[in-house]
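This report walks through a two-chain model. Look at the structure first, then read on.

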Amino acid sequence: MRFALIGQPNCGKSTLFNQVAGYKAETGNFAGTTVTFTETKVRVLGDVVELVDLPGTYTLLGTNPAERVVLDYLVDKPVDAIINVIDATHLVQGLTLTLELMELGRPLVLVINMMDEAKRQGLKLDGEKLESLLGIPVMPMIATRGQGIREAFTRTWHIAQEKRIPTPKVYSEEIEKSVISLKKELEKDNYPVSRRAIVVKLLEGDPVLTEQVSRKIPHVLEHIQKELDVLCHQSSRQAVWLIASERQRLAREMARKVSSQQQTQLTLRDRLDDYLLHPFWGYVFLLAILGLFFYVVYGFGKMLEEPLLNFFNHLDMLILNALHANGFIAQVVSGAVQGISGGLAIVLPYLVPFLVGLGFLEDIGYLTRIAFMMDSLMHRMGLHGKAIVPFILGYGCNVPAIMSTRIMEDKRDRFLSAALSTMVPCAARLAVVFGLVAFYVGPWAALGIYFYNLLIIAITGRIITIFLPEDSPGLILEMPVYRWPTVKTITAKAWFRIREFIFEAWPILIIGSVVLAIMNYFSVTRYLDALLQPFNWLLGLPREVGTPLIFGIFRKELSLIMLAQAFGTTNYAAIMTPQQMVVFTVFVVFYVPCLATIISIRNELGAKAMWAISALTVVVATIAALIVRLGFLLF
Amino acid sequence: MVNLLQVKNGYWVKVVNVAGGVGMERRLAQLGFLPGNKIRVIRSAPFHGPLLLDVEGREIVLGRGVARSVMVEYL
């Protein structure tokens, strides 16, 4: 059996999913965190059920690729029951999607989530009454605390067994007439969802379905146009609007019958935006919050990096002394130790506080506020505020950043935000910035690199915009309410991302370090170094950085850890001047995104975009690093 | 009839229609920009930033380009 979770953005589908699946799906308090579907197996009444979490969507008429996934999934895969999750505090909007889902001809359960939030706002809902009005089961839930989940699944299992198909609500007479007339055209064919649903989508002008149906029945286009003309003539409004208005009218009527509002007092939470979105103080708070974030990550990381590095350097010396320093085995073991210490002493101390902090800002609902305040700035680089989402996710890892570009409607916006967000220093590059520059040169130099990075990204965006002019309409975004995240979701989310480093990246780091040690032993690295010699000469870097830079394409942390291997020490101060460290780090921050990112660019935007973005980053990295070097020479 | 950009902060207006192509109409219809629905401009971001609107109890952010295409009238 297969159940699908469907609901509008930010209604808590993924939170519910994670409650039953362990932490498998990314969650966040802003619209569009889930861009593709995640599946898991759960046990319901002794049965194994396949549960799928689909991206949030306002209607089944997807206008961006993330929303498109929902309808495509429903059409492609046999779903035995749909669990429709809606936010109790936005009942009318939620019910409009429910009405649309009722047309599909699949068993349906309505889950009203965030009952605690509704209670806080003084909203009272009569679930039983709604159940009788809709004719489908209605279940209350507080997904963040796990309340009501078991009951909802049991109920869904029962209606899936009974194959209880909901009866769609009746629209106004003129729409129903068109629906009946068009339905006759589809009579002979076999469709995965009900014919009524398809006809309504055709009237709403869904381009993909129209194309598919007209291929089977060529003359259907004329018929659709005729019905659209009739509808437009009768009501002087477009059919899309007419149907949307009908759904809203029905939803509003039901909501009025089942809910009552009591007086409540405005709390600090309701007034928070007066401060955090204030035209002046809002930006002061923004700088303070991001500054504090940076400071905590730096402070925490430094506290751990120093003793850990000392310990591993000591260990490395012991090993080298014990096994004749220049022997093959000694070199290989030392390579492995440096790989382990790189992950434990340089990457994790910064990665853990960073990911916990980012998760907290996401869940509390602050990210969308940043998008709101930064929209006009983003326009200067040819994007709109929504592009802040891939940017901010990019600080964690570029791969989800690239995937999140799906929330943009426009193809050109997707390309540009993907190109620019690959230049955002991800957690791996954060390790290089902090482990090398902050540690040896000073925290201000590290902060300087971050600002310099933003400046270069803005200039690059500006230049690309000259060739690819901005033509998208701009920002359309729902502002989430502030929510206090639970410790459980924050830690689960951070662990979800840290786990990826520990099990996927770290082994590669260790292997890479060992491979480099072997290559060093047989003097192969000399040839690799020669390959990058032109860059090193241009940027004034020691020739040994060539091999680490090439390995850095696999994983960005490798460029730092291999550096230790290439020079045979983790005391970077002995081998590079502070200026060289800064130039090297700037180059590492910008040049070719890691392999995983390159692959996800190809998956999302195609091979052409992948090559274009990779080439672009090398050019930008060289220029950006050269500017820094010239700056040092002049001042 | 004015567009949303011309509405001052704190005022309530009623949607008349959305000009700007089928895609835009559909997207905005999903978010509650339907003829007759009430909207309040809560605040606008500085430096010609986007508008924060109350649309039927939900807070929606619209960039200025989009807001210009929403035609409304004062209540």
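## A core residue and its neighbours

Ile83(A) touches Phe3(A), Ala4(A), Leu5(A), Val109(A), Val111(A), Ala152(A) and Thr156(A), leaving aside residues up to four places away in sequence. The model is predicted.

Ile83(A) also belongs to the largest nonpolar core, which has 215 residues. Together with Leu351(A), Ala431(A), Val586(A) and Phe587(A), Ile83(A) touches the most other members of that core. In soluble globular proteins, nonpolar side chains tend to be buried together.

## Chain A overall

Chain A holds 27 helices and nine strands. Its C-alpha trace spans about 85 × 50 × 50 Å along the principal axes. How does the radius of gyration of chain A compare with that of a compact globule? For 635 residues such a globule would have a value near 26 Å; chain A has 28 Å, which agrees.

Of the 635 residues in chain A, 50% are buried. Contacts often reach far along the sequence: among those between residues at least 6 apart, 73% join residues at least 24 apart.

## Domains

The domain assignment divides chain A into domain 1 (2–162), domain 2 (173–261) and domain 3 (281–471 + 489–634). Domain 3 is thus listed in two segments. Between domain 1 and domain 3 of chain A, the C-alpha centres are 38 Å apart.

## Helix 1 of chain A

Is helix 1 of chain A, residues 13–21, mostly covered or mostly open? It is mostly covered, with seven of its nine residues buried. The buried ones are Lys13(A), Ser14(A), Thr15(A), Leu16(A), Phe17(A), Asn18(A) and Val20(A).

Just after this helix comes Gly22(A). Its phi is positive, about 75°.

## Where the chains meet

The contact draws 32 residues from chain B and 29 residues from chain A. On the chain B side, helix 1 (21–30), strand 5 (58–62) and helix 2 (64–68) each give two or more residues. Helix 1 of chain B supplies the largest share, eight residues. By type, the chain B side has 15 nonpolar, nine polar and eight charged residues.

Which strands pair across the two chains, and in what sense? Strand 9 of chain A (residues 476–478) and strand 5 of chain B pair in the antiparallel sense, over three bridges. Within this pairing, Glu478(A) stands opposite Ile60(B), a residue of strand 5 of chain B.

Conventions:
Residues are numbered from 1 along each chain as its sequence is written. Chains are lettered from A and ligands numbered from 1 in the order in which they are written. This is a predicted model: local features need pLDDT of at least 70, side-chain atom pairs count only at pLDDT 80 or more; totals for chains, interfaces and linings use all residues. A nonpolar core is a set of buried Ala, Val, Leu, Ile, Met, Phe, Trp, Tyr and Cys residues joined through C-beta atoms within 7 Å. A residue is buried if 20 or more other C-beta atoms lie within 10 Å of its own, exposed if 12 or fewer, and partly exposed in between; C-beta atoms are placed from the backbone. Two residues are in contact if their C-beta atoms, placed from the backbone, lie within 7 Å. Helices (H or I, at least four residues) and strands (E, at least two) are DSSP runs, numbered from the N terminus. Ala, Val, Leu, Ile, Met, Phe, Trp, Tyr, Cys and Pro count as nonpolar, Asp, Glu, Lys and Arg as charged, and the others, Gly among them, as polar. Two strands pair if DSSP finds at least two bridges between them. The radius of gyration is taken over C-alpha atoms; the globule rule is 2.2 Å times the number of residues to the power 0.38. Domain bounds come from an automatic or database domain assignment.
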